Amino acid sequence: MKRLLSSLVAAGSSRAVPPVVIGLFFLIYIIIAFFTDETLITLMAFTRKSFVLAALLALIPLNCIFRMAWETRRGRARRRALAGIDSESVSDLFDETVSLPGAADPDSGHHTLAPGVAGLETRLASVGYKVCRTEKTIAAWRGLSAYPARLLFLVGTFCLFSGILISITTRAAYRQMVIEGVPMPTPSGTGGLVERIALAKSTGSILSRVLTMEVVGRNGTKTFGLYPPSMYDGAFVYPRYLGVAAHIIFAAPDMKTEYETYSNLNCYPPGKEDSVLIAGSPYKIIFSIPEPTAGSDRYISYMSGVTMVNFKLLKGPDLLFAGSARQGGEFVRDGYRLALPDIKRLVVTDFIKDYGVLFIWVSALFFTAAVFVWLPIRIFFPRCEILFRLDPHATKAYSRTEGRLRMHAGVFYEALDVLAVRKTDIPDG
Amino acid sequence: MFAVKIIPHILAWAGIVLILFRGSPGQRPAVTLASISGFVAGSSGAFILFRFFPEPVVFGVIKSVLGVSFLLLWGVAVAALYLCSSARVVAVQQEGKSGMSSLWTGVIAGAASLVAGAICASRLPGRDSTVLEVVLLVLAAAALAYVVVYAVRAVEKLLSASFIVSKLGLLTIVIALLLFSASSILRLDLFSPLSMKVMKGIHDFVHQFMESILIPDHLFVRSAVWGYIGLLFSKEVGFWGGMVIWFVPAILIILATRFKRLPSVAHIRQGAQRRKLLAASIGLRRGQIVVPVIALVVFATAAYQSRFPNVEYWDPKPVPVSANQAGEIFIPKKGDVNLEDGKLHKYLFKQGEREARFFVLMSPAGVLTVDLDACAICKPDGYGQAEGTVICYYCKTLIPLETVGKPGGCNPVPVPFTEKDGAVVIDGMTLINSWSSTVKATAGNKEGGK
């Protein structure tokens with residue numbers, strides 16, 4: 001049982017797990033690509049529905065946790081070995097292990113320390129190594145360990161794949177119309193009153209326009225912007241498109257009564273059309289926002305709130321006439337009447353319940369930190385370690401490096417050469 | 001002349017055999033036997049398959065084998081880099097002397113030659129040949145294989161001893177040569193469909209990524225910034241993404257070879273001896289990089305051949321047509337032009353400021369079809385005809401003639417029509433509306449992504 005457990009832990013903390021899992025998903029992606037053009041969406045849908053695929057994806061964050069524990073345990077064991085505290089085998093903690101003849105003279109049994117040991121310490125110190133000597137060990141090291149960078153990277157990977165897993169399996173999106181002056185529609189019902197929707201030009205380098213929605217609720221006024229999106233009622237508020245909510249009154253000669261409706265029109269940018277069917281009649285009205293004058297912002301009408309709409313009145317497939325009407329105005333012709341008493345700003349908004357997004361954003365921070373920590377260490381101060389365990393029967397030498405491989409190898413071999421030299425006996429004590 | 005066309009394929013196969021001889025010293029008999037028999041089996045198998053199955057099926061089988069071998073190369077390359085980055089130092093190995101067993105050598109030689117033979121057979125015209133012709137072709141293939149293998153044996157002996165082939169290098173160059181051989185045949189080429197799939201994949205991924213992390217829509221983003229994002233939705237991203245996927249396995253193998261840890265010499269106390277051993281290992285490592293670098297060049301040549309195929313597309317200039325008073329377009333099936341000749345016939349219809357481009361084609365099954373010279377996915381760059389397919393000029397997808405007329409994917413959008421009085425009759429308004437909505441949709445897809 002213990003062996004099985006240790007095998008599972010070894011497999012779970014293997015560096016091969018992420019590439020194997022990612023490779024499997026790529027393979028599935030390739031197979032799906034033969035059957036549909038919507039490959040990624042299909043793969044995401046499969047992962048959402050399939051426990052096996054979700055469990056497979058979950059192996060990566062699990063592997064990160066195992067690896068963090070494994071790296072920490074190994075790092076601590078190595079530090080103890082370098083400090084001369086532990087006497088257990090440390091071969092698997094180092095890259096290279098060499099056995100030298102024992103420190104004892106084979107004839108007399110007296111401990112024979114190579115006369116250059118003291119000189120060895122000086123030599124190692126002269127090439128920048130810090131040396132620590134105990135009764136039975138000589139340890140030398142230089143540089144900084146990349147362990148913090150590796151830890152940051154593993155945490156980032158954990159956050160990224162956890163975020164992807166949470167996002168794929170739990171994401172729920174609800175598209176609602178947020179209208180100025182109307183209570184905010186939320187996934188669970190209605191929220192506070194949308195007091196104001198404003199679109200303005202931006203001075204930033206990425207966004208050209210900024211959208212703000214002010215919602216007044218029990219806890220005061222909350223303002224929603226574009227990025228990063230804020231949360232409301234447990235969901236991210238993600239504005240998508242602009243439109244208008246129009247109060248429409250329509251009358252036709254062959255209609256007994258006026259038709260009155262409130263209609264949401266997804267008719268921005270200017271030129272885009274949206275239509276309203278007059279229920280119980282063959283009429284259809286197609287609305288669009290006219291193009292602004294040359295040189296002005298395309299969304300100036302939305303920004304200023306002065307809304308003129310163009311319309312086309314169709315009876316069946318036939319176009320009766322076209323015209324335009326302003327907010328608060330009306331259009332009358334040949335017995336037809338179209339009035340627009342009120343036109344409000346509208347934002348087509350997605351409410352996204354997806355906590356995986358937070359993990360994905362946080363992972364970006366961790367990856368950035370990992371790069372900034374790792375790069376200078378790897379270039380200027382890579383960790384190099386040497387450990388000699390002096391034993392009467394067999395002296396063992398261990399070496400490990402995280403960079404400057406050839407330079408460190410040269411120092412290590414020279415140190416071995418020095419230690420292997422045998423001169424006069426030095427009695428015990 | 002098909003004999004001239006087949007030369008590159010024979011040369012590619014000869015290169016494979018040469019590498020196998022050099023990479024498996026002491027196993028010449030196994031390589032010789034497996035190569036000749038594999039080539040003969042591959043070419044004769046392909047002849048027989050072409051006789052009994054439709055061409056798309058046979059080409060599909062060969063293309064699938066090539067695709068799987070490329071995937072295998074990817075897997076091996078990633079594993080090689082992963083293993084080389086392992087920090088454990090290994091004992092001294094004499095890489096050049098440790099080779100593969102006869103069985104594995106024979107399997108690799110046989111499999112590679114089988115595929116090479118099938119590719120060569122795909123080049124031959126008149127695939128619906130008689131049994132006698134098939135037997136004669138098989139005998140010719142056997143004779144050719146025998147001559148080529150023994151010639152390559154002689155050439156291999158002349159090569160310098162410093163030309164080393166490692167196992168990784170062998171796999172890379174064999175697959176590179178097979179893909180190079182296939183790239184000159186339109187229906188076996190992998191690079192073009194790879195680019196197209198990569199383009200769609202990147203479009204999909206970027207779109208989903210931006211939706212997932214709630215990036216604002218393009219109406220809120222500066223046009224210059226959106227322009228950079230738009231690059232990820234362009235056609236070129238498929239080409240460059242395809243190039244990355246195409247070259248990365250060979251590059252990973254070069255890196256794995258270059259950064260493989262040198263063997264441990266810590267147990268040797270003489271500095272000069274250590275340096276000598278290390279120098280020998282470094283020399284061996286450098287020698288092992290040569291073959292993967294050659295494979296990189298071969299991959300590049302294959303990509304070039306795919307991008308600029310030596311194929312002339314049949315792409316006639318659209319002939320202007322007009323509608324009668326009832327708004328119908330009449331195109332006689334026979335007359336100046338025979339619509340039933342199996343060739344693409346393109347037309348241009350204008351109505352006021354609006355126009356539509358379409359073509360009429362008789363499929364191999366004898367069914368007449370009328371389609372827009374555009375598909376529902378790509379920009380309307382149009383189609384050309386070659387080697388039993390039509391090709392979308394935008395994404396370079398090959399569409400078998402048998403499927404033209406059926407909607408979906410990158411197929412040209414079918415247009416309803418009738419046949420009356422020996423003519424094809426198309427409603428002009430339907431044609432114009434279909435073209436406008438298709439072009440509008442594809443322009444929207446390509447310029448926003450979201």
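At 17% relative accessibility, A:Glu402 falls in the buried class. This is a predicted model, and that glutamate is a handy way into it. A:Glu402 pairs up with A:Arg150 in a salt bridge, with 3.5 Å from N to O. The two come from distant parts of the chain: A:Glu402 sits in the loop between strand 19 (394-401) and helix 9 (405-420) of chain A, while A:Arg150 belongs to helix 6 (residues 147-170), 252 residues apart. Unlike its buried partner, A:Arg150 is partly exposed, at a relative accessible area of 25%.

Now for the wider set of charges. Over all chains, the count is 38 salt bridges. Shared partners join A:Arg67, A:Glu71, A:Arg78, A:Arg150, A:Arg383, A:Glu385, A:Arg400 and A:Glu402 into one network, so the pair we started with is part of that group.

Here are some of the salt bridges side by side.

| Salt bridge | Closest N to O distance |
|---|---|
| A:Glu402 and A:Arg150 | 3.5 Å |
| A:Lys344 and A:Asp342 | 3.8 Å |
| B:Lys346 and B:Asp315 | 2.9 Å |
| A:Asp417 and B:Arg269 | 2.8 Å |

In the A:Lys344 pair, both ends are partly exposed: A:Lys344 has a relative accessible area of 28% and A:Asp342 has 26%. Over in chain B, the lysine of the pair is the buried end, B:Lys346 having a relative accessible area of 5%, whereas B:Asp315 is partly exposed at 36%. That chain B bridge also links distant parts, with B:Lys346 in strand 3 (residues 345-351) and B:Asp315 in the loop between helix 10 (271-307) and strand 1 (319-321), 31 residues apart.

The last row of the table crosses from one chain to the other, from A:Asp417 to B:Arg269. How many salt bridges are there between chain A and chain B? The count is six. As for the interface itself, 53 residues of chain A touch 39 residues of chain B. About 3700 Å² is buried between the two chains, and carbon and sulfur atoms give 56% of that.

On to the rings. There are 30 aromatic pairs over all chains. One of them is A:Tyr283 with A:Tyr336, an edge-to-face pair at 5.9 Å centre to centre, with 75° between the planes. A:Tyr283 is in strand 13 (residues 283-288) and A:Tyr336 in strand 17 (residues 336-353) of chain A, so this pair ties together parts that lie 53 residues apart in sequence. Both tyrosines are buried. They also belong to one aromatic cluster, along with A:Phe250, A:Phe311, A:Phe321 and A:Phe331.

Chain B offers a stacked pair, B:Phe205 and B:Phe209, with 6.1 Å between centres and 15° between planes. These two are four residues apart in helix 7 (residues 191-212) of chain B, so about one helical turn separates them. B:Phe209 is partly exposed, with 40% relative accessible area.

Charges meet rings as well. The charged end of A:Lys272 sits over the ring of A:Tyr241, 5.6 Å from the ring centre. In chain B, B:Arg51 lies over the face of B:Phe52, at 5.7 Å from the centre of the ring.

What about disulfides: how many are there over all chains? The count is zero. Take A:Cys159: the nearest cysteine sulfur belongs to A:Cys64 and is 9.1 Å away, and a disulfide needs the two sulfur atoms within 2.5 Å. A:Cys159 is buried, at 8% relative accessible area. B:Cys120 is buried too, at 3%.

A few backbone details round things off. Most residues other than glycine have a negative phi, and most peptide bonds are trans. Against that background, the bond from A:Tyr227 to A:Pro228 is cis, with omega near -5°; A:Pro228 is in the loop between strand 8 (220-224) and strand 9 (231-232) of chain A. Another cis bond joins A:Tyr268 and A:Pro269, omega being about 5°, and A:Pro269 is in the loop between strand 11 (259-265) and strand 12 (273-277).

A:Arg404 has a positive phi, near 55°. This arginine is in the loop between strand 19 and helix 9 of chain A, which is also where A:Glu402 is found. A:Arg404 is partly exposed, at 36%. In chain B, B:Asp421 has a positive phi of about 55° and sits in the loop between strand 10 (418-420) and strand 11 (423-427). At 74% relative accessibility, B:Asp421 is exposed.

Note on methods:
Residues are numbered from 1 along each chain as its sequence is written. Chains are lettered from A and ligands numbered from 1 in the order in which they are written. This is a predicted model: local features need pLDDT of at least 70, side-chain atom pairs count only at pLDDT 80 or more; totals for chains, interfaces and linings use all residues. Side-chain values use heavy atoms; hydrogens and water are left out. Rings of Phe, Tyr and Trp (its six-membered ring) pair if their centres lie within 6.5 Å; planes under 30 degrees apart count as stacked, over 60 as edge-to-face and the rest as tilted. Buried means under 20% relative accessible area, exposed over 50%, partly exposed in between (1.4 Å probe, protein chains only). A charge sits over a ring if NZ of Lys or CZ of Arg is within 6 Å of the ring centre and within 35 degrees of the ring normal. Contact means heavy atoms within 4.5 Å. Buried area is the accessible area (1.4 Å probe) that two parts lose on being put together, summed over both. A salt bridge is a side-chain nitrogen of Lys or Arg within 4 Å of a carboxyl oxygen of Asp or Glu.
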